[in-house]
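Reader: Could you take me through one part of this model at close range, and then show me how it sits among its surroundings? I would enjoy a connected walk more than a list.

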Amino acid sequence: MSATTSASAARPGWWPRLRRNHLAVVGLIILAAIALIALAAPILPLPDPNATDLPARLAPLLSPGHPLGADQLGRDMLSRIIWGTRVSLAVGVVAALAAALIGSLIGIVAGFYGRWVDTALMRAIDMLMAFPYLLLALAIVAALGPGLLNALFAISIVNIPFFARSVRGVTLGLVRRDYVDAARLTGQGDFAILTGEILPNLLPVIVITLSTTLGWMILETAGLSFLGLGAQPPQADLGSMLGEARALVLVAPHVALIPGLVILLLVIGINLVGDGIRDMLDPRLGSGGLARPGAATAVAFDAGSPTPEPPPAAAALGVRNLATHFLLGGERHKAADNVGLDLHAGECLGIVGESGSGKSVTALSILRLVPTPPGRIVGGAIHHHGQDLLGLKPADLRDLRGNRIAYIFQDPLGTLNPLLTVGEQIAETIRRHQGKSRSEAMALAVDLMERVRIPDAANRVSAYPHELSGGQRQRIGIAMALANDPDIIIADEPTTALDVTIQAEILDLLRDLRRERGTALLFITHDFGVVADLCDRVMVMYAGRVVETGPVRDVLRDPRHPYTRRLLDCVPVLGQPKRALNAIPGLPPAVNRLPQGCHFADRCDRVIERCRTSDVALDPIGPYRTVRCIRAREP
Amino acid sequence: MLSYTLRRLAMIVPVLFGISVIVFLIMALIPGDPALAILGSFATPDNVAKLRQDLGLDRSLVEQYVVWLGNLAHGDFGRSYSLNRPVIDEVRERLGPTLLLAGASLLLCTVLGLAAGVVSAIRQYGWQDKILTLLVLIGLSTPSFWLGLILVLVFSVQLKWFPVSGMYAIYGGGDTLDLLWHLALPAITLAVVATGVIARLTRSTMLEVLRQDFVRTARAKGLDERTVIRKHALRNALVNIVPIIGIQTGFVLGGAVYIETVFQWPGIGRMLVTAISTRDILLVQGGVLVVAACYVLINLAADLVQHMLDPRIGT
Amino acid sequence: MTTPLLEARNLRKVFGGGWSRKPIINAVDGVNLTVDPGETFGIVGESGSGKSTLARLLIGLEKPTSGTVLIDGVEVGRRRSKDLHRKMQFVFQDPSGALNPRKTIAQILEAPLIHLLGMTKADRRRRVEQLMDQVNLRTEFLDRHPHEFSGGQAQRIGIARALAADPRLIILDEPVSALDVSIQAQILALLNRLKAELGLAYIFISHDLAVVEALCDTVAVMNRGRVVEQAPRAVLFGSPQHDYTRTLLASVPSLRDF
């Protein structure tokens, strides 16, 4: 969506974004409280954590003078816990920072210099990763001898690979970015590129890895201490307290359980904050981007939205007043608004528009394939041979999908399942709608592949998508759409990702199939050339609305909407190099901030006062033509 | 498939070699003189020199390594001085219980983690998702040694449902049922963290996969949601999850050290802890080497499973 | 006869092979070309034809397996790359991908002024404002970050950066293929104007034959790493000689009949 570029312009700072995540705030409070108490230990009125007081040994909770009781030597538990937390926290943080520093350095160097440097460093890291995590730490402690510093050292070393690998992965990606090449071309050396171009983009990854491994490292150091390999008496951290009290767990459970509870709280706090930081820094998760799309677009008409006029029953597909909006970050993006169209049996209707015009959203809305969230159909009517599609039950909608109405999508690699053979993917839609057996469906799949002119179909049927070329994959997409002999095919930019020679073959194929079967075709494209080549009628969209419709020949020869006319002027035509390309000044409006009146007014050379004051209706200006412009009838 | 398996098998040779180098180096670089450590502080210089020669310590590091590796190849891992028996015998005895414990909890965490992750993803932001996410968070943050103690207190001491420790009952036990009864608590405790990791990864991978274009294609074909999720989404998610399960094995094998200590499970982990505190270096070395080799083999298996799932790998 | 501005002699680039055990790909396979001062030289081809690799070889982002590139008759690689990049610059296909998201527009435009020209701070500010003016962007934008710009605006910034060091030749690698038609027309108009004003030469790489025909003086058609046909525009589009060129031209769906 082009709308996101303008939306991200007003991105709030990190604190407001973190604050919106309530769990992260809870974590921050837990963590801050524990850290503050631990830091303040020297100035708090606590008894000496190592002062033994044998009469008070194993004092229960809430004993006088010992609010959390006392341990096997009568030492005050509260004081020991607070001092122990201090040690655990300090060791965990130092170990994490050391691992982050060394690991990131290895990762950056390996990713940036590549070749043998990368191979050598990463093989070494792989060797470290070949050990079960804790076992390597144990081996190191075994060699160095038990002790807190050695435990810290061991935990640090075994965590280096995590940083090295994730930082290297991201660095490898960054090094290939165009802006790094661009920096080379502006005369910057390796060091300037590393510090100026790569490191700033790496920091989020390092921070994310740090915040997600810190809790882990605190757990593991506590674990080593628990085993008696970390902190040695009289020094105590939370883990060693737990370990020493283990034998007493039957007599005085609180002595063992409280240190564990504090570890749990501390690590929960760290993990909550870490998750919050990750969600904040990972752009994919921004503005609810990772929400799972539902099986069908939600239909929720706006209160007070006008009842749409019923589409004519004669049309194979009739759409009236369709409004599909996206609700993002509290703003409403009117991706498609008040769209109407009729598609008759055997006809080919092209929808043309630039990105963000709403052409794909319109096409996907028909069988409710727009993802919800964030998309939602908020008004309108869609009829298929008189049957209302927006009111259909999910099961009935599924019976229609791929059966009477089928889709062909743009990217032929991404739209096929990489793990299933192409034959299986064609056969599965046949089995779903025709109730054929597996082998019958496979045989039909081979027939279909032959019909879309895939050579050696009988063998190709068991190929996986990645084994085919782009053009052949799109032929599979077409075979899938044809599988149940639909009366309507909706093709959403099916040739945009293809080379021009392949595009010509696919367009030929579609033309022939249409002639043979009389299937109606709704063809979405940004390319007027393709429309001229294939379609009977055309519909031009701009900023979510239809601005002009009519027979292809009439619209291309005599465009009546200023946008259509000026858009055609922008298209370079082969064989007419002297044709002046007149650019349209400015940019289309963002669909979350649409102007009142005509959406094109700001870029139009024929604009008058009245264009901006009230909505412009889509007017019929001839038997087969409509235009959304108040000056359409003027010469 | 066969050629991929062979190629992958060939690739573990350098890994095993690397592991042996690292273990050898860690042990060889121990500060202090092993001969002195063995003989104690009353040793005469002559005795020390004699022992150094016997142990091969007077030779170069590379020579020492070659001799050591040659011995390993013959199954000679040296002699544990604290147990006064060959290291290989002790390790062989204890490997079974550890693998049993790790295997059981790996099974648990895979099944539970996958189930929890899938439910969480398809009920995103629903109450099931919220409860599972909270449980996963707690699971990920729990010190397993502490959780073990609590489970023993509650289920063994208070409720007496499960035994406190050990692998078999001292009197009258010894059958499979007895073993499973003893295995339950340690395996569950060990599985908790890994379950959290797998559940979390499954959830996010499923959410990612469900947004892919081929899922939209599957829906556009009219397939029902169960088919879309099982045949199209979960299968693709598994390609990313299986290697992580392989890596989790490493965490489970490591975590077994705590659990074996808490539950007195007669495995390699407990042996290692004792060996470290008695500075029985050869025993540590043997235990670490054998477990690491098992881990390498398990990761190999995970790779092969991933290869079976994904036709794009290794062709 | 003047020396050409840029000359490539028998340029070859092979990927794969050797230790990597990947199949050997002759991405660029013996390309010769010359570009004169002030000329717009078009290179057309489909994906995998090697046209982008050729562009990267010419600008020095990749090292050729064999062959030489000469600028003003001097072999590239014999001199410091800074001298090369003062004479020759590059515009990338993905407009926003070529701008570091963490830098401001001012920082992006100043980089060549600092590193290639060593300008003082006051001079830089003046030059940056002049550059923004040349590509029709308001100077208020200088303190903003790349994500705040549309694709067309980002491409203007990329062009301004290429202009910064005052080069004589700019290599444009599919500069408009990521843009919508109406924005594409804006950028093409801008390129035409800059060329007239500054006397630039372009190497214009594209898969879009109509765009190349509208813009270029000389056109080379690439297929599988080789230049299969090269001719002045009118000749190449008027009477194509090679079969591949003919197939390519016949494949373009066109508005010519309307």
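Author: Happily; here is a close look at one glutamate of chain C, followed by a tour of its own chain and then of the other two. Please keep in mind throughout that this is a predicted model.

Let us begin with C:Glu213, which sits in helix 7 of chain C, a helix running over residues 209-215. This glutamate is buried, yet it forms no salt bridge. The nearest side chain of opposite charge belongs to C:Arg233, and it is 6.1 Å away. A salt bridge needs a side-chain nitrogen of Lys or Arg within 4 Å of a carboxyl oxygen of Asp or Glu. What does lie by the side chain of C:Glu213 is backbone from another chain: the nitrogen of A:Gly575 is 2.6 Å from one of its polar atoms. Setting aside neighbours within four places in sequence, C:Glu213 touches A:Val573, A:Leu574, A:Gly575, A:Gln576 and A:Pro577 of chain A, together with C:Arg233 and C:Phe237 of chain C. C:Arg233 therefore appears in both parts of the picture: it is in contact with C:Glu213, while no salt bridge is made by that glutamate.

Staying in chain C, we can step back to helix 6, residues 181-198, where C:Leu194 is found. C:Leu194 has 0% relative accessibility and so counts as buried. Beyond its neighbours within four places, C:Leu194 is in contact with C:Gln134, C:Ile159, C:Leu163, C:Gly199, C:Leu200 and C:Tyr202. For a sense of scale, take C:Val227: it is 33 residues from C:Leu194 in sequence, and the two C-alpha atoms are 28 Å apart.

Between strand 9 (218-223) and strand 10 (226-232) of chain C there is a loop that holds C:Arg224. This arginine has a positive phi near 50°, although it is a residue other than glycine. With a relative accessible area of 68%, C:Arg224 is exposed, whereas C:Glu213 is buried.

Now across to chain A, the partner that supplied A:Gly575. Its strand 1, residues 317-328, contains A:Asn321, another non-glycine residue with a positive phi, here about 50°. A:Asn321 is partly exposed, at 30% relative accessible area.

Two proline pairs in chain A also deserve a stop. The peptide bond from A:Pro233 to A:Pro234 is cis, with omega near 5°, and A:Pro234 belongs to the loop between helix 9 (190-226) and helix 10 (238-245). The bond from A:Pro373 to A:Pro374 is likewise cis, again with omega near 5°; A:Pro374 lies in the loop that joins helix 12 (359-365) to strand 4 (375-384).

Two helices of chain A round out the view. Helix 8 covers residues 178-185, and 6 of its 8 residues are buried, so it is largely enclosed by the rest of the structure. Those buried residues are A:Tyr179, A:Val180, A:Asp181, A:Ala182, A:Ala183 and A:Leu185. Just after this helix, A:Gly187 adopts a positive phi of about 90°.

Helix 18, residues 500-517, has 18 residues and spans 26 Å from first C-alpha to last, close to the 26 Å expected at 1.5 Å a residue. Its buried residues include A:Val500, A:Gln503, A:Ile506, A:Leu507, A:Leu510, A:Leu513 and A:Arg514. In an α-helix there are 3.6 residues a turn, so residues three or four places apart point the same way. After helix 18 comes A:Gly518, with a positive phi near 70°.

Finally, chain B. Of the 2 pairs of chains in contact, A and B share the most contacts. Chains B and C do not touch, and their nearest C-alpha atoms are 12 Å apart. Chain B has 12 helices and 2 strands, in the order α-α-α-α-β-β-α-α-α-α-α-α-α-α along the sequence. Its C-alpha trace spans about 85 × 55 × 35 Å along the principal axes. Of the 315 residues in chain B, 51% are buried. Among its contacts between residues at least 6 apart in sequence, 71% join residues at least 24 apart. Chain B exposes about 14,600 Å², with carbon and sulfur atoms supplying 67% of that area.

Key. Residues are numbered from 1 along each chain as its sequence is written. Chains are lettered from A and ligands numbered from 1 in the order in which they are written. This is a predicted model: local features need pLDDT of at least 70, side-chain atom pairs count only at pLDDT 80 or more; totals for chains, interfaces and linings use all residues. Side-chain values use heavy atoms; hydrogens and water are left out. Helices (H or I, at least four residues) and strands (E, at least two) are DSSP runs, numbered from the N terminus. The expected span of a helix is 1.5 Å times one less than its number of residues. Buried means under 20% relative accessible area, exposed over 50%, partly exposed in between (1.4 Å probe, protein chains only). Lys and Arg count as positive and Asp and Glu as negative; His and the chain ends are not counted. A polar contact is a pair of N or O atoms within 3.5 Å; within protein, one must be able to donate a hydrogen and the other to accept it, and residues adjacent in sequence count only if both atoms are side-chain atoms. Contact means heavy atoms within 4.5 Å. Accessible areas come from the Shrake-Rupley method with a 1.4 Å probe; for residues, only the protein chains shown count as cover.
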